[in-house]
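Here are a few friendly notes to read alongside the model. Please keep the sequence and the 3D view open as you go through them.

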Amino acid sequence: MEPLAAGDPARIGHFVLHARLGAGGMGRVFLGQSPGGRAVAVKVVHPHLAQHEEFRHRFRREVTAAQAVSGAFTAPVVAAGPDDAPPWIATVYVPGPTLDEAVARAGRMSEGSVWPLAAGLVEALQAIHAAGLLHRDLKPSNVLLAADGPRVIDFGISRTMDATVLTRTGTAIGTSGFMSPEQAEGGQVGLASDVFSLGAVLAFAATGAEPFGQGAPLAVMHRVVTGEPRLDGLHGPVRALITACLAKNPADRPTAAQLLDHITSHWNLPRDTPLWPHAMTILIDTHAMPATRRYTEPMASTASMTAAPEREDLDRRRNRAWEVSQAGEHAEAARLYADLAADSARVLGPDHPDTLTARREHASNLGGAGDHAKSARLHAEPVVDRARVQGSDHYDTLTSRHHHAWEVSQAGEHAEAARLYADLAADSARVLGPDHPDTLTARREHASNLGGS
């Protein structure tokens, strides 16, 4: 999410725009708010597309169709202006990361988390198909993860741009690694094409990699048509589900109803248990409420009475908190670091390295005081922010990931800790080298937690 830039509209229809959410081939997406306070995602069509009457006609027709989609696992259309200049469409805002963002920041999904993802996506496709639409561009960036399940976005609307461009160029349009063989060859596309894309999305979620690899689009499309998917590390019913979806012949792929039968025969929705891995759950929380909010919102009782601390005072307090921590007084150190993080965010900014470090030390000292579950939750948040601010390969990011995995282990969640350490060991080997002490430590902890689980 980014602030509005110069030239961005301040209002579309009845919606006030507050921030940029992203951009795609069809237009820019903004976070908006209705007069009643409802958060929406407003997609505004690029001017060069809006100039073509053919596009506007298709857009108008398919906006009407998309408004009929009301599945629980889609982002429903709440309003649209197909005849406005520029055309736009508003959907319910889903506070969560895209699937590709979640995998990039939190790692691949465990097989146990693939089941609710698959079930939600199949239900979404059923709702889309029931409205007479094909998605035709189901991919990780068009899947949002919310706390209560996935949401499919851009249903039907992508078809508008595809049809227009296809008429002009005669080439297949879509995302090369996630389109079906018949779509890659420019053939007739039906419901089974979306099922193939579903299989590719599930493979990506479960392995952390695109099943047909990356590279030049034509090369990837050739592998989609003639090659076999890479499903390394997948076994049993999850692998069988994905393999069935990725059949080359559309007639050999299961229907949505058959997929749900397969899913429900191997998985039941758990009660009072998060659907997603711990790190992804934390990432979802940061979209619903920014992780730094509690550090950046001044307390009403003191905000008007005290001025922001000076940098020198922050340095003094940082040294004091460190000394208290080294003395083994972790509960007191956690309190000092929590206060320090709040003031550092106001003085230096929420993304300043000193603020992020204070948050990490706050979490670490909570663990030292014995509250490992809370420590693990708080450690996960700076991991996401470090990766965003400093990069996923930065040493501080890797260090924060180690602290997070350690506290998850201490909280007794050994299977999740083993997964975190496995991913950390691989990334440490790539960034620091296979013989670096941090790499060896991550490998050792991975093995230890496998034994603990």
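1. Let us begin with a pocket, bearing in mind that this is a predicted model. The second largest pocket has 27 residues in its lining, and those that lie nearest its centre are Val 103, Ala 104, Ala 106, Gly 107 and Asp 427. Helices H3 (99-106), H7 (191-207), H11 (278-288), H16 (372-390), H17 (395-410) and H18 (414-431) each give two or more residues to the lining of this pocket.

2. Staying with the second largest pocket, its volume is about 520 Å³. What classes of residue make up its lining? There are 13 nonpolar, 6 polar and 8 charged residues.

3. Next, please find Lys 43, which sits in strand E5 (residues 39-45). An unreviewed UniProt entry places the feature "binding site" at Lys 43. Is Lys 43 buried or exposed? Its relative accessibility is 13%, so Lys 43 counts as buried, the cut-off for that being under 20%.

4. Which residues does Lys 43 meet, once neighbours within four places in sequence are left aside? Lys 43 is in contact with Met 26, Arg 28, Val 29, Pro 87, Trp 88, Ile 89 and Asp 154.

5. A loop between strand E6 (77-81) and strand E7 (88-92) holds Pro 86. Have a look at the bond before this proline: Ala 85 and Pro 86 are joined by a cis peptide bond, with omega about 0 degrees. As background, most peptide bonds are trans.

6. Another backbone detail is found at Arg 136, in the loop between helix H4 (111-130) and strand E8. Arg 136 is not a glycine, yet its phi is positive, at about 70 degrees. For comparison, most residues other than glycine have a negative phi. The relative accessibility of Arg 136 is 17%, and therefore Arg 136 counts as buried.

7. After that loop, it is worth tracing strand E8 (residues 143-146) side chain by side chain. Which way do they point? Val 143 and Leu 145 face one way, Leu 144 and Ala 146 face the other way, and all of them are buried.

8. Strand E8 also has a partner. A hairpin leads from E8 to E9 through 2 residues. The two strands run antiparallel, with 4 bridges joining E8 to E9 (residues 149-152). If you would like one pair to look for, Leu 145 has Pro 150 in E9 as its bridge partner.

9. Finally, please turn to Ala 65 in helix H2 (residues 53-66). Ala 65 has a relative accessible area of 21% and so is partly exposed. How far apart are Ala 65 and Gly 132 in sequence and in space? They are separated by 67 residues in sequence and by 7.4 Å in space, C-alpha to C-alpha. Not counting residues up to four places away in sequence, Ala 65 touches Ala 131 and Leu 133.

Note on methods:
Residues are numbered from 1 along each chain as its sequence is written. This is a predicted model: local features need pLDDT of at least 70, side-chain atom pairs count only at pLDDT 80 or more; totals for chains, interfaces and linings use all residues. Side-chain values use heavy atoms; hydrogens and water are left out. Buried means under 20% relative accessible area, exposed over 50%, partly exposed in between (1.4 Å probe, protein chains only). Two strands pair if DSSP finds at least two bridges between them. On a 1 Å grid over the protein atoms alone, a cavity is a set of points where a 1.4 Å probe fits but cannot get out, and a pocket is an open set with protein on both sides within 12 Å along at least five of seven lines; lining residues have an atom within 4 Å of a point. Grid points are joined across faces, edges and corners, and a volume is the space filled by probe spheres set on the points. Ala, Val, Leu, Ile, Met, Phe, Trp, Tyr, Cys and Pro count as nonpolar, Asp, Glu, Lys and Arg as charged, and the others, Gly among them, as polar. UniProt positions are given in the numbering used here, feature names are shortened, and annotations may be inferred rather than shown by experiment. Contact means heavy atoms within 4.5 Å.
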